Structures are given as structure tokens and as C-alpha cells.
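Open the model in your viewer and keep the selection tool at hand. The tour goes from one small sheet to the ligand and the cores.

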Amino acid sequence: MSDKIPLFFECCRPVKGISQGAVFDLQRERYISVPNDLIDIITLGGKKTVSDTIQDFDEDDRSTYQDYLEYLYKLEYIFFVDSDQLNWYPPMNMDWDHPSEITNAILEFDTNSKHDLDKIFKGLEDVGCLALEIRIYDEFELDYLAEILDCAANTGITSIALKYNYFPGLSSEKIISSTEKKYFNLHSIEVYGAKKEEISTVSQRVKVLLHEDQLLSSTHCGFISKESFILNKTFFLESMNFNSCLNRKVVVDVKGQVKNCPAMTEIFGSHHEVSLQNVARESAFQAKWAITKDEVIVCKSCEFRYVCLDCRAFQANPAEGQLHGKPIKCNYDPLSGEWL
Ligand code: SF4
């Protein structure tokens, strides 16, 4: 391979951080951490052959460079080409767009909610919404859940995540047995605040998750960890171009108010009085969609900036009137490269 030129596969995107870089394999949904210098050598090194590049190194660093190349090659992050083959591999288009005006929505419910379900779901259908999160904070009747899911079944929503706080009157087993065969767009159920022994539900199709130590509320969001990274191409490209949490999202909160996020205070009217489509077209509503991690303090120097969910509701040291602070519920320090 010494007379060949190393190239990253187009689906393997290198990202430099302040202290280290990472390469994200968007096809196999995995990543590895690598030194920034290695990314520079492969992407900016003038597309030199391995043997030409090695001449630029001290004796000690040569074997390290070769070891890294072998490692990346073995894991299929890079491949080797001859110099006359370089233009056989055009760059991937890094734009992101979607035909739907709104791609994802959150509906919140508590015992006092008086939502007009027909109007909400007609609105979600008008904007082409595909993914819906239903959050129920208080006790609810199975019939009421069925009413919500029936409304969603008559729309183009393809994926529903149900989240609720545990209460003894209605087992998740009962919810699963009465919903999984009827509502094919219900893909996950997350139960908060219940002990493991209280939840024994297994479903062939619906993913059931249990959060023993947490309670669901409108402020329950923005947690960032390695485990929550989203490593697919769609998310990566959306994050490069738009805000990875708020872009094309609409929320109807427990009071029926239309918002960008359940935890944010800015309100764009009651869904009883405004249309979701008109709100989604307002420039004030769309303003936060454009905040990418490349503009967020600290995050702009982090190698994980295109694979982690953003949070604009809870920011570290938010400067007055600014919306560009690091998500407060992230404990990664890009400078040290450590999770604190
Ligand atoms: S520092 Fe910012 S970009 Fe990096 S993992 Fe945390 S939230 Fe994501």
C-alpha cells in the first residue's frame, strides 16, 4: 500500500475537535476516536501516497502512522487508491432537506389537558409530521390513550413513542396487549418511575423501556451521553445544517399551547386558536431551527457535535438574550476528551 493514497469512505466522516477527532461511519452506525493530525494527513495532505507522507515524519512517528492506517483499513474506515483514480470518488452531498414542514412533534397531557385531538392531528397531517412523542404525566384511562392513537392512525405519522409516569392502576402489559396489534406505528413505550418487578412486559414488536430513577416531566430532556449519540447519515447531515433537537419540531404542551420545546417558555398561541401549519411557517418559530452546534459555545470545538442531540432549553451560562450556550446536561469536556 505504500505507493497508494489513503481515502476515507464517503460514509465515514472525519470530524476534528479541539483536542482529538473522530471518524463516524454513518453506514454501520459506529465511530472511532483518532488524532486530529491523522485526519489532516488523510483529508488535507494533498492526497499523497503513503510513502510520500512517511517522508514528512520523524523516524519514531512513522510506525505510529502506519499502524493507524492499518487499523483504519482493517476496520474499513479507509481504502487505498492510485493517484489516477482520485476523481473516481466524488464527494457526498452534505445538504439536508425534507418534504415535510414539520417532521416531529411532541404532545403533552396531564389530567387537566383539554386538547382538541381532531384539530391537532389534522394540523400534524397538514404539515406532514412523521414522528410523534406522546407524553402523559398523570394517570390516564386506556380508552383515552386509544382515542389519541386512533386519531394518529388516520395520519401519515409512521412512528409513535409513548412515555408516561408509572401508576398502579394500568399495567404496561395491558397497554401493550391492547395496542401492539392495532397500532402499527407505535414503536416504543417508556415507563418512568416504576420498579423492575412492577414491569415485566415483553413485546415482540414494541420496544419497552423502563426508567426506574426518573420521573417524566416537561423539563425531562436534554440528557447527553455517549449512549445517546445518533450515528446515522440523516441525523448527521441534519445536525450539520440545522438544530438537531428543534429543527422542524412542534410541541403542544399540557395547556394546549404551541411551542418549540416542552421546556421552553416562548408560546406561539393556543392550538384551539392557531393552526399548527401557520405557526410552523412563522419566522419567529423557525428562528431556533438554524442554530447548529458549530455556533454553540464549547460544542463548536467538540468532535461529537454532529451526533449528539442538542438542547436549547437548558444551557450552561446562558448569556442574556443568547441561545448559544452548551447544553447543561452534557458532562463531556472536549478539551480534555473526558466525560466528567
Ligand atoms: S460538548 Fe456539546 S457537542 Fe460535545 S457531546 Fe456535549 S453537547 Fe454534544
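In what order do the three strands of the open sheet lie, and is the pairing parallel or antiparallel? The order is E2-E3-E4, and the pairing is antiparallel. Keep in mind that this is a predicted model.

**Stop 1: the sheet**

Select residues 12-16 for strand E2 and 30-34 for strand E4. Both stand at the edges with a single partner strand each, so one side of E2 and one side of E4 have no neighbour in the sheet. Now add E3, residues 21-25. Five bridges join E3 to E4, and the two run antiparallel. Pick Gly 21 and look across to E4: its bridge partner there is Val 34. From one strand to the next, the twist averages 20°.

**Stop 2: the whole chain**

Zoom out. The protein chain holds nine helices and 14 strands. Along the principal axes, its C-alpha atoms fill a box of roughly 70 × 45 × 40 Å. The chain has 340 residues, of which 33% count as buried. Take the contacts between residues at least 6 apart in sequence: 69% of them join residues at least 24 apart.

**Stop 3: the largest nonpolar core**

Select Ala 105, Leu 107, Leu 124, Leu 132, Ala 152 and Val 250. Of the 46 residues in the largest nonpolar core, these touch the most other members. Next, colour the elements that each supply at least two residues of this core:

- strands E6 (104-109), E7 (131-136), E8 (159-165), E9 (186-192) and E11 (249-252)
- helices H4 (117-126), H5 (142-153) and H8 (276-280)

Which element gives the largest share of this core? H5 does, with five residues.

Centre on Leu 107. Leaving out residues up to four places away in sequence, Leu 107 touches Ile 120, Leu 132, Ile 134 and Val 252.

In general, nonpolar side chains of soluble globular proteins tend to be buried together.

**Stop 4: the second core**

A separate core of 28 residues comes next. Select Tyr 31, Leu 38, Cys 308 and Cys 330, which are among its members. Tyr 31 falls within the range of strand E4 (30-34) from the first stop.

**Stop 5: the ligand**

Keep Cys 308 and Cys 330 selected, then add Cys 299, Cys 302 and Arg 305. These five are the closest of the 13 residues that surround the ligand. How many residues of the shell are nonpolar, polar and charged? The shell divides into 10 nonpolar, no polar and three charged residues. Cys 308 and Cys 330 also belong to the second core.

Notes: Residues numbered from 1 in each chain as written. Predicted model: local features only at pLDDT ≥ 70, side-chain atom pairs only at ≥ 80, totals over all residues. Core = buried A, V, L, I, M, F, W, Y, C linked by C-beta atoms within 7 Å. Buried ≥ 20, exposed ≤ 12 C-beta atoms within 10 Å, placed from the backbone. Helix = DSSP H or I, 4+ residues; strand = E, 2+ residues; numbered from the N terminus. Contact = placed C-beta atoms within 7 Å. Near = placed C-beta within 6 Å. Nonpolar A, V, L, I, M, F, W, Y, C, P; charged D, E, K, R; others polar. Pairing = 2+ DSSP bridges. Axes fitted to C-alpha atoms, helices over the stretch in contact; angles between N-to-C directions.
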